[in-house]
Amino acid sequence: MHKNAADRNSIDARSAAFVRSGAMELIQATPALSAYTAESEAVDHGHPLVRSTAAGLRAESGDAYAYAEAAYVHIRDRIAHSADIGEQRVTWRASDVLEQGHGICHAKSHALAALLRAEGIPTALCYQRLTEDDGSAPLVHGLVAVRLPGRARWDRQDARGNIPGIDARFSLDAEQLAWRVREELGEADCPVLFDAPHPEVLAALRAAPDRQTLWRTLPTDF
């Protein structure tokens, strides 16, 4: 089964902050946590739809932990993965993802980051290189990492959306992502915690007239 997709910025590792998540060291592209609550064109958490969605989720949540899980479940379960529903339109801005009700992994990650950042929860964008089962057709897949209050580590979460064979869940104890990388096939986790979408991913999302074109233009490596 094909996975789905960003490249990585050049990082000065000597000045980057390292935080352990499971067995992998995650590298903050920007040392300041405030960068991971910032608004951008893609992660537009000041948009009224993002704010109202966040307010509704917050009203049903007791604390930051409960809110983070509620936001994750909302994006995972209520926002469809475009490929799962045969939708060709491409969304990339968080508010548009919420309005249209669908997006590919990167778009859903932007939407989840927006909902979390709207409540002041530092959220990074993360990437994996995934392939077909024979190692062909590499593509870069998007997910997020959260830094919840009182935790001295980042926790990766994948809100791609569950289908048969995928059982991703919100977890702070052990990662339960959509896919584990298979190093023997050339798959890999990118350890960099991006404070903004990778420019090549964002450029592909913005330029693609439809999802079929997008599959051909998304980055294939970090």
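The predicted model contains 0 disulfides. Cys 126 and Cys 190 illustrate the point. The sulfur of Cys 126 has its closest cysteine sulfur in Cys 190, 8.0 Å away. A disulfide requires two cysteine sulfur atoms within 2.5 Å, so the gap between Cys 126 and Cys 190 is too far for a bond. The same holds from the other side: Cys 190 is in no disulfide, and the nearest cysteine sulfur is that of Cys 126. Cys 126 is buried, at 1% relative accessibility. Cys 190 is buried as well, also at 1%.

Cys 126 belongs to strand S5, where it is one of the buried residues. Strand S5 spans residues 123-130. This strand is part of an open sheet of 4 strands. The strand order is S7-S6-S5-S8, and the pairing is antiparallel. Strand S7 (155-157) and strand S8 (188-189) form the edges, each pairing on one side only.

The pairing of S5 with S6 (residues 139-146) is antiparallel and comprises 8 bridges. Two positions of S5 serve as landmarks along this pairing. Tyr 127 has Gly 142 as its bridge partner in S6. Gln 128 faces His 141 in S6. On the other flank, S5 and S8 are joined by 2 bridges, again in the antiparallel sense. Here Gln 128 stands opposite Asp 189 of S8. Gln 128 thus has a partner in S6, namely His 141, and a partner in S8, namely Asp 189.

Strand S5 is largely enclosed by the rest of the structure, because 8 of its 8 residues are buried. Both faces of the strand are covered. Thr 123, Leu 125, Tyr 127 and Arg 129 are buried on one side. Ala 124, Cys 126, Gln 128 and Leu 130 are buried on the other. Helix H4 (residues 105-118) lies across S5 and S6. Its direction makes an angle of about 10° with S6.

Next come the aromatic pairs, of which the structure holds 3. One of them joins Tyr 72 and Phe 170. The ring centres are 5.8 Å apart, the planes meet at 55°, and the pair is tilted. Tyr 72 sits in helix H2 (residues 64-78), whereas Phe 170 sits in the loop between S7 and S8. The pair therefore ties together parts that are 98 residues apart in sequence. Both rings belong to buried residues. Tyr 72 has a relative accessible area of 1%. For Phe 170 the relative accessibility is 15%, which counts as buried.

A further aromatic pair involves strand S5. Tyr 127 and Phe 194 are arranged edge-to-face, with 5.2 Å between centres and 70° between planes. Tyr 127 lies in S5. Phe 194 lies in the loop between strand S9 (192-193) and helix H5 (199-207). Parts 67 residues apart in sequence are therefore tied together by this pair. Tyr 127 is buried, at 2% relative accessible area. Phe 194 is buried too, at 1%. Tyr 127 thus combines a bridge to Gly 142 in S6 with an edge-to-face pair to Phe 194.

Strand S9 has its own strand partner. It pairs with S2 in the parallel sense, over 2 bridges. Within this pairing, Gln 28 of S2 stands opposite Leu 193 of S9. Strand S2 covers residues 24-28 and is mostly covered, with 4 of its 5 residues buried.

The loop between S7 and S8 also holds Glu 187. This residue is buried, with a relative accessible area of 2%. The side chain of Glu 187 lies close in distance to two backbone nitrogens. A polar atom of this side chain is 2.9 Å from the backbone nitrogen of Thr 131. The backbone nitrogen of Arg 182 lies 2.7 Å from a polar atom of the Glu 187 side chain. The loop between S7 and S8 therefore carries both Phe 170, paired with Tyr 72 of helix H2, and the buried Glu 187.

Methods. Residues are numbered from 1 along each chain as its sequence is written. This is a predicted model: local features need pLDDT of at least 70, side-chain atom pairs count only at pLDDT 80 or more; totals for chains, interfaces and linings use all residues. Side-chain values use heavy atoms; hydrogens and water are left out. Buried means under 20% relative accessible area, exposed over 50%, partly exposed in between (1.4 Å probe, protein chains only). Two strands pair if DSSP finds at least two bridges between them. Contact means heavy atoms within 4.5 Å. Axes are lines fitted to C-alpha atoms, for helices over the stretch in contact, and angles run from 0 to 180 degrees between N-to-C directions. A polar contact is a pair of N or O atoms within 3.5 Å; within protein, one must be able to donate a hydrogen and the other to accept it, and residues adjacent in sequence count only if both atoms are side-chain atoms. Rings of Phe, Tyr and Trp (its six-membered ring) pair if their centres lie within 6.5 Å; planes under 30 degrees apart count as stacked, over 60 as edge-to-face and the rest as tilted.
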